[in-house]
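New to this one? Have a look at the model below before reading on.

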Amino acid sequence: MKQLNTLKKKREKLLKELCKMENILQGTLVEAYLKCGKRNCRCADDERFKHGPKFYLFYKEEKKPKMLYIRKEKINEVREGIRKYKRLKEILSQVCKINRELLKVERSKNDLN
Ligand SMILES: [Zn+2]
């Protein structure tokens, strides 16, 4: 019984964390240096003068790879969103584990009866 309550409390705590996921993002933040395409720009002939860093969020939508330009002032927010995505997956697998444990504990309790 004690075990049951401990597991349920742990699960409750994990589920509460899910409410703070509003800015979650899936993907990878990539830094790129690019040529602007203007023929008279110094980046045209010399790799060292490519413009950047520019930031992009790479992600998949309906199995197709996509990228989204990210303004510099949004980088920290995007990084946090990506971290939260990883945390969300962690939480899900932990909650599933707890639920399996609960099934086991409840089963063995019933077996005694
Ligand atoms: Zn240029």
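What follows is a short walk through the sheet and then one helix residue. Keep in mind that this is a predicted model.

Let's begin with the sheet. It is an open one, built from three strands in the order 1-2-3 with antiparallel pairing. Strand 1 (28-34) and strand 3 (64-70) sit at the edges, each pairing on one side only. Going from one strand to the next, the twist averages 40°. In general, strands of a sheet pair through backbone hydrogen bonds, in either a parallel or an antiparallel way.

Here is how the two pairings look:

| Strand pair | Sense | Bridges | A bridge pair |
|---|---|---|---|
| Strand 1 and strand 2 | antiparallel | six bridges | Leu 34 and His 51 |
| Strand 2 and strand 3 | antiparallel | seven bridges | Tyr 59 and Lys 66 |

Also on the strand 3 side, Lys 60 stands opposite Pro 65. Strand 2 and strand 3 form a hairpin with two residues between the strands, and Glu 62 there takes a positive phi near 50°. How well is strand 2 covered? Hardly: of its eleven residues, the count of buried ones is one.

Now for the helix. Helix 2 covers residues 75-112, and Ile 91 is found in it. Is Ile 91 buried or partly exposed? Being buried takes 20 or more other C-beta atoms within 10 Å; Ile 91 has 19, so it counts as partly exposed.

Ile 91 also has contacts from far along the chain. Leaving out residues up to four places away in sequence, Ile 91 touches Leu 14, Glu 17 and Leu 18. Take Leu 14: it is 77 residues from Ile 91 in sequence, yet their C-alpha atoms are 6.2 Å apart in space.

Key: Residues are numbered from 1 along each chain as its sequence is written. This is a predicted model: local features need pLDDT of at least 70, side-chain atom pairs count only at pLDDT 80 or more; totals for chains, interfaces and linings use all residues. Two strands pair if DSSP finds at least two bridges between them. Helices (H or I, at least four residues) and strands (E, at least two) are DSSP runs, numbered from the N terminus. Axes are lines fitted to C-alpha atoms, for helices over the stretch in contact, and angles run from 0 to 180 degrees between N-to-C directions. A residue is buried if 20 or more other C-beta atoms lie within 10 Å of its own, exposed if 12 or fewer, and partly exposed in between; C-beta atoms are placed from the backbone. Two residues are in contact if their C-beta atoms, placed from the backbone, lie within 7 Å.
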